[in-house]
Amino acid sequence: MIVLATSPALAPGKAAPYVIAAYIVFLAIVLIYVAIMAKRLRSTERDLATLKREVEQRDAIDASSEAREREPVG
Amino acid sequence: MTTYSKGLRALTLATIGSITLALALVFFYAPLDADQGFVQKIFYLHVPLAIISLCGFVLGGLLAIGHLRTGDRVWDMRSYVAIHMALIFGIGGIISGSIWAKASWGHWWVWNEPTLVSFLIVLLLFATYQPLRFSIEDPERQARYASVFAITAGAFVPLNFIAVRLAQQFVHPRILTLGGGNLPGSMRLTFFVSLIGLALLYATLWKYEMTAKNARMQTRRLRRRLMGEDAVRPLGRSAAPS
């Protein structure tokens with residue numbers, strides 16, 4: 001273990017691929033996660049907007065038919 | 001606009017700004033480490049990822065207490081998202097640590113290093129959270145059991161951390177201590193900017209996920225109102241209250 005702890009520093013040329021790999025892994029995880037989330041959120045928001053419109057239409061139809069029923073007949 | 005999407009844009013901008021600043025400081029301001037050289041730059045990514053991951057697990061436990069106290073399943077959903085995000089950060093931390101270990105020690109993994117193994121144990125413990133949760137069909141029981149698990153496992157995190165700190169085999173670099181650590185000023189500044197950037201990223205992704213879950217909940221409610229109870233599919237793998 002002491003050998004591991006005191007291993008000499010890698011030259012910048014040799015260390016660069018490791019550093020770049022670590023940062024690329026991090027950025028890739030974040031980007032993939034955000035892309036998946038964005039796609040799901042967009043589709044949910046689209047669904048939500050459609051459903052809201054349908055509920056409003058249905059409420060408007062219900063309100064007008066109730067008003068018609070309340071009108072005196074004859 | 002939902003409760004969770006409030007301030008999301010500002011938080012996202014703050015996250016992008018702080019992470020950009022952190023990257024600039026890492027590569028153009030922080031000096032090269034005398035012992036490890038250029039490969040030490042991984043420290044500014046690996047350590048904040050691990051710290052935020054562990055804090056996220058504890059946060060999940062604290063939010064689960066909110067669920068057991070109030071019975072409101074929104075707290076369970078918050079706890080679920082906190083643990084879910086912490087797992088992702090933990091995986092990032094373990095991969096970046098492994099790359100650093102390979103460059104610095106010549107091995108991808110060292111089994112007799114207490115910090116590495118204890119972090120893996122915590123990660124594996126929380127990896128069982130989702131299978132446990134979704135193996136229970138009844139939503140109320142699912143939320144309750146998941147909360148109990150989150151609190152117990154969340155309490156294990158600081159205990160585990162203290163136990164490792166008390167261990168004698170200090171092979172893993174000890175750079176941060178309660179006394180401020182032994183980092184030079186420029187490295188400390190870079191580290192704390194990175195930590196803030198990644199903490200903001202955690203908060204942004206948490207809010208983002210909560211906004212999505214909230215939107216899905218609203219969709220289900222509206223669909224139920226329009227088409228009746230039977231038209232809405234069972235929740236399946238979702239922590240969102242129905």
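Biologist: What makes the crossing of α2(B) and α3(B) left-handed or right-handed?

Modeller: The crossing is left-handed; that word applies if the near helix is turned anticlockwise from the far one by less than a right angle, and right-handed if clockwise. This is a predicted model, where local features need pLDDT of at least 70 and side-chain atom pairs pLDDT 80 or more, while totals for chains, interfaces and linings use all residues. Residues are numbered from 1 along each chain as its sequence is written, with chains lettered from A and ligands numbered from 1 in the order in which they are written.

Biologist: How do the axes of α2(B) and α3(B) run with respect to each other, roughly parallel or roughly antiparallel?

Modeller: Their axes, lines fitted to C-alpha atoms over the stretch in contact, with angles from 0 to 180 degrees between N-to-C directions, come within 7 Å and cross at roughly 165°. Angles under 35 degrees count as roughly parallel, over 145 as roughly antiparallel, 65 to 115 as roughly perpendicular and the rest as oblique. So α2(B) is roughly antiparallel to α3(B).

Biologist: What do we count as a helix, and how many does chain B have?

Modeller: Helices are DSSP runs of H or I with at least four residues, and strands are runs of E with at least two, numbered from the N terminus. Chain B has seven helices and zero strands, while chain A has two helices and zero strands.

Biologist: How do you know whether the span of α6(B) agrees with its number of residues?

Modeller: The expected span is 1.5 Å times one less than the number of residues. Helix α6 (residues 139–166) of chain B has 28 residues, so 40 Å should be spanned, and 41 Å between the end C-alpha atoms agrees. Helix α7 (residues 185–227) of chain B, with 43 residues, reaches 62 Å, close to the 63 Å expected.

Biologist: Which residues of α6(B) are called buried, and what covers them?

Modeller: Buried needs 20 or more other C-beta atoms within 10 Å of a residue's own (exposed is 12 or fewer, partly exposed in between), with C-beta atoms placed from the backbone. Among those of α6(B) that count as buried are Q142(B), F149(B) and V157(B). Their cover includes α2, α3, α4 and α5 of chain B. Buried residues make up 39% of the 242 residues in chain B; for the 74 of chain A, the share is 7%.

Biologist: How many residues of chain A are in contact with chain B?

Modeller: Contact asks for C-beta atoms, placed from the backbone, within 7 Å; 30 residues of chain A are in contact with 35 of chain B. On the chain A side, α2(A) gives the most, with 24 residues.

How values were computed
Contact = placed C-beta atoms within 7 Å.
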